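Okay, thanks for coming, everyone. I'll put the structure up and then talk you through a few spots in it.

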Amino acid sequence: MAANYNRPKPIDPIWYRRSCVLRITCPCGRHEKIQLGEFARMRGIPEKTLLYEMIARLRCRQCRQRPYADVVRGPY
Ligand SMILES: [Zn+2]
């Protein structure tokens, strides 16, 4: 039991999962895989932001569509 205890949850704040990996997949074919803490720093996203809030605001840099994204534990 509790096998997924450490799996990132949508209500986790960024700072709590900064070492995890953000995976972004867009319908246009663009993929991105980046450490969450680094991504937040690069984009100027406050680390208190919750994962689901951050994901809801994502836009593909290439086509501006809303991509699918999730946060998973490393290794990066
Ligand atoms: Zn795209």
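Before I count anything, let me say what I mean by a cavity: on a 1 Å grid over the protein atoms alone, it's a set of points where a 1.4 Å probe fits but cannot get out. And please keep in mind that this is a predicted model.

So, how many cavities of 30 Å³ or more are there by this rule? The count comes to one. Its volume is about 70 Å³. Who lines it? Going along the chain, you have Ile24, then Arg30, His31 and Glu32, then Arg43, and after that Leu58, Arg59, Cys60, Arg61 and Pro67.

Hang on to Cys60 from that list, since the zinc ion is my next stop. Which atoms coordinate the zinc ion? The SG atoms of Cys26, Cys28, Cys60 and Cys63 do, at 2.2 to 2.3 Å. The angles among those four donor atoms run from 101 to 117 degrees, and the site is tetrahedral. If you like to read spacings, the donors go C-x1-C-x31-C-x2-C along the chain. Look at the x31 in the middle of that pattern. Cys28 sits in the loop between strand 1 (21-25) and strand 2 (31-35), while Cys60 sits in the loop between helix 2 (51-57) and strand 3 (68-72), so that pair links distant parts of the chain, 32 residues apart.

Now, are those two cysteines buried or exposed? Cys60 has a relative accessible area of 5%, and because anything under 20% counts as buried, Cys60 is buried. Cys28 comes in at 33%, which makes it partly exposed.

While we're in that loop between helix 2 and strand 3, have a look at Arg64, which is in there too. Arg64 isn't a glycine, and still it has a positive phi, about 70 degrees. With 55% relative accessibility, Arg64 counts as exposed.

Moving on to the two aspartates I picked out. Asp70 is in strand 3. At 17% relative accessibility Asp70 counts as buried, since the cut-off is 20%. What does the side chain of Asp70 pair up with? There's a polar contact of 2.8 Å to the side chain of Arg23. Leaving out residues up to four places away in sequence, Asp70 touches Val21, Leu22, Arg23 and Ile55.

The other one is Asp12, in the segment before strand 1. Asp12 is buried as well, with a relative accessible area of 9%. A polar atom of the Asp12 side chain lies 2.8 Å from the backbone nitrogen of Lys9. If you set aside neighbours within four places in sequence, the contacts of Asp12 are Arg7, Arg17, Thr49, Leu50 and Leu51.

Last stop, Gly44. You'll find Gly44 in the loop between helix 1 (36-43) and helix 2. Is Gly44 buried or exposed? Exposed, with a relative accessible area of 57%. I also have two distances from Gly44, both C-alpha to C-alpha. To Lys33, 11 residues apart in sequence, it's 17 Å. To Asp12, 32 residues apart in sequence, it's 18 Å.

That's my tour. To recap the zinc part: four cysteine SG atoms, in a tetrahedral site. And Cys60, one of those donors, also helps line the largest cavity.

Terms used. Residues numbered from 1 in each chain as written. Predicted model: local features only at pLDDT ≥ 70, side-chain atom pairs only at ≥ 80, totals over all residues. Heavy atoms only, no water. Donors = N, O, S within 2.8 Å, 3.2 Å for Na, K, Ca; no water. Tetrahedral: all angles 85-135°; square planar, octahedral: opposite > 155°, others 65-115°. Helix = DSSP H or I, 4+ residues; strand = E, 2+ residues; numbered from the N terminus. Buried < 20%, exposed > 50% of the residue type's maximum accessible area, 1.4 Å probe, protein only. Polar contact = N/O pair within 3.5 Å; in protein donor to acceptor, adjacent residues only side chain to side chain. Contact = heavy atoms within 4.5 Å. 1 Å grid on protein atoms, 1.4 Å probe; cavity = no way out; pocket = protein on both sides within 12 Å on 5 of 7 lines; lining within 4 Å. Points joined across faces, edges and corners; volume = space filled by probe spheres on them.
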